[in-house]
Amino acid sequence: MIAYNSFTRNRAGGQGGAIYFQAEDVGFHNNTFVNNHADVNGGACAFFYTGSAPTNISSVNNLFANNSANRGGAVYTSGRKLRIVNNTIVNNIDTAQAGGVVLSPTSGREAVVINSILWGNQSLNTFNEQFSTGQSFNTYFYNCDTDSTGNRNNDNNDNPNRPHQ
């Protein structure tokens, strides 16, 4: 568990501007990630699963603001299950895939986003400004406030019971 930390102005030449994590399960709660940068993936955080066991990534009550990377301005993950609850993900930028959150496309994956704000994130080369997943992901948004710039299909506020695939 990574909790109650402030990560500001960190830089990585590869993955994860503030945090690069390889594990089967990880939780990060009540942290702030501001003005971090990664040259490759995850301006604030990059998470990769390391085996065949399901990887659970839990993000609760975190702030991601003004982070940048090639893919996933705020967060990049190849984990199997991502749960984002009460997070604010704002004004992050990437150059390739999604300014907010990128979930690497692999089969059998699920993302659940609850009571979170995804706003003002930008991708310079795609229309997935807030959140990008592979086709094999089931993505659910519940009670979220999302900026409708870019790909509106990534915002399921109109029907929170319908997965985005």
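This report walks through a predicted model of one protein chain, from overall confidence down to single residues.

## How far to trust it

Residues are numbered from 1 along each chain as its sequence is written. In this predicted model, local features need pLDDT of at least 70 and side-chain atom pairs count only at pLDDT 80 or more, while totals for chains, interfaces and linings use all residues; side-chain values use heavy atoms, with hydrogens and water left out.

So what is pLDDT? It's the predictor's confidence in each residue, from 0 to 100. The protein chain averages 78, and 75% of the residues score at least 70. Over residues 150–165, though, the pLDDT is below 50, and that stretch has 34 contacts in the model beyond near neighbours in sequence (a contact means heavy atoms within 4.5 Å). Where pLDDT is low, the predicted coordinates should not be read in detail.

## Strands everywhere

The chain has 0 helices and 22 strands. Both are DSSP runs numbered from the N terminus: helices are H or I with at least four residues, and strands are E with at least two. Among contacts with a separation of 6 or more, 78% are between residues 24 or more positions apart.

One open sheet puts 6 strands in the order E2-E6-E10-E14-E18-E22, with parallel pairing. Two strands pair if DSSP finds at least two bridges between them. At the edges stand E2 (6–8) and E22 (145–146); each has a single partner strand, so one side of each is left without a neighbour in the sheet. E22 is joined to E18 (residues 117–119) by 2 bridges, and one bridge partnership there is Ile 117 with Asp 145.

## Around His 37

Strand E7 covers residues 37–41, and His 37 lies in it. On one side, E7 is joined in parallel to E3 (residues 11–12) by 2 bridges, where Arg 11 partners His 37. E7 also pairs in the parallel sense with E11 (residues 68–71) over 3 bridges, and Ala 38 stands opposite Ala 69.

Which side chain makes a polar contact with the side chain of His 37? That's Asp 39, at 2.9 Å. A polar contact is a pair of N or O atoms within 3.5 Å; within protein, one must be able to donate a hydrogen and the other to accept it, and residues adjacent in sequence count only if both atoms are side-chain atoms. Leaving aside neighbours within four places in sequence, His 37 also touches residues including Asn 10, Gly 17 and Ser 68.

## The core and its rings

Of the chain's 165 residues, 53% are buried (under 20% relative accessible area; exposed is over 50%, partly exposed in between, using a 1.4 Å probe and protein chains only). Val 101, in strand E16, is buried at 1%. Its C-alpha is 4.8 Å from that of Val 75, although the two are 26 residues apart in sequence.

The largest nonpolar core has 23 residues, and Phe 28, Phe 33, Cys 45, Phe 47 and Phe 64 have the most contacts inside it. Such a core is a set of buried Ala, Val, Leu, Ile, Met, Phe, Trp, Tyr and Cys residues joined through side-chain atoms within 4.5 Å.

The whole structure holds 7 aromatic pairs. Rings of Phe, Tyr and Trp (its six-membered ring) pair if their centres lie within 6.5 Å; planes under 30 degrees apart count as stacked, over 60 as edge-to-face and the rest as tilted. Phe 28 and Phe 33 have ring centres 6.2 Å apart and planes at 90°, so they're edge-to-face. Ring pairs link Phe 7, Phe 21, Phe 28, Phe 33, Phe 47 and Phe 64 into a cluster.
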